[in-house]
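Me: Please take a close look at one part of this model, namely its salt bridges and the places in the chain that they link. I would like the cut-offs stated along the way.

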Amino acid sequence: MEDDLKFKPNFKSQLASVMKEVHDLELEWDLIYLSRKILRGKSEEWVPLSSRLVIPDYSYWTACYILSNSGAKKLLQQEPLSKMMAVDEYLPLMFDRHPNKEWSAHFEPRDLKAFSVSPLIIEPQFYIGQNGYLSDTETSEIIDPDVLAKKKRESAKNVKQEL
């Protein structure tokens, strides 16, 4: 859970209700979003017999989610740090809903069992454009790898000169 979120009214009872439904349905799950940014406008499929869970499409934000032990193992088995991808991209890729098939091809299997609470029960404290909004990702610049490599070489050269 991120540190800049707001719990919606009755969060605790809503979460308990969702988890009871997961238990009652004997739902096998790896990840359940409690908050996310839905990126595609189409409606999502409801989990059969559920009144609170959908099967998420491509989503962004890792603001708040529940991860099972099996889900954590699936995510770690792919050795994501060796492939350097933002977790916002990695999660939907691992439940096979990422639109970039070239990226997806680097991860197999993509069998994370993901669900989302609907409606969401946690939300960001601020959204883009609101006073107080701050993001270290959405408003950051893309770093040119050549410029970064040059700065690293210059830094190493300066350290050698100081020695």
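Reply: Buried means under 20% relative accessible area and exposed over 50%, with partly exposed in between (1.4 Å probe, protein chains only). The model is predicted, so local features need pLDDT of at least 70 and side-chain atom pairs count only at pLDDT 80 or more, while totals for chains, interfaces and linings use all residues. Residues are numbered from 1 along each chain as its sequence is written, and side-chain values use heavy atoms, leaving out hydrogens and water.

Taking a salt bridge as a side-chain nitrogen of Lys or Arg within 4 Å of a carboxyl oxygen of Asp or Glu, the count comes to eight. Among them are the two formed by Glu123, which together link Lys6, Lys8 and Glu123 in a network. In the pair of Glu123 with Lys6, the closest N and O atoms are 3.4 Å apart; this pair links distant parts of the chain, with Glu123 in strand β7 (residues 122-124) and Lys6 in strand β1 (residues 5-7), 117 residues apart. Strands (E, at least two residues) and helices (H or I, at least four) are DSSP runs, numbered from the N terminus.

For Glu123 with Lys8, the closest N and O atoms lie 4.0 Å apart, and because Lys8 belongs to the loop between β1 and α1 while Glu123 lies in β7, the pair ties together parts that are 115 residues apart in sequence. As for accessibility within this network, Glu123 counts as partly exposed at 23%, as does Lys6 at 37% and Lys8 at 28%.

Another of the salt bridges joins Lys113 to Glu28, with closest N and O atoms 3.3 Å apart. Here too distant parts of the chain are linked, since Lys113 sits in the loop between α4 and β6 and Glu28 in the loop between α1 and β2, 85 residues apart. The relative accessibility of Lys113 is 33%, so Lys113 is partly exposed, whereas Glu28, with a relative accessible area of 58%, is exposed.

The strands β6 and β2, which border those loops, belong to an open sheet of five strands with mixed pairing, in the order β3-β4-β6-β2-β5. At its edges stand β3 (45-46) and β5 (59-67), each with a single partner strand, so one side of each has no neighbour in the sheet. Strands pair if DSSP finds at least two bridges between them, and two bridges join β3 to the antiparallel strand β4 (residues 53-55).
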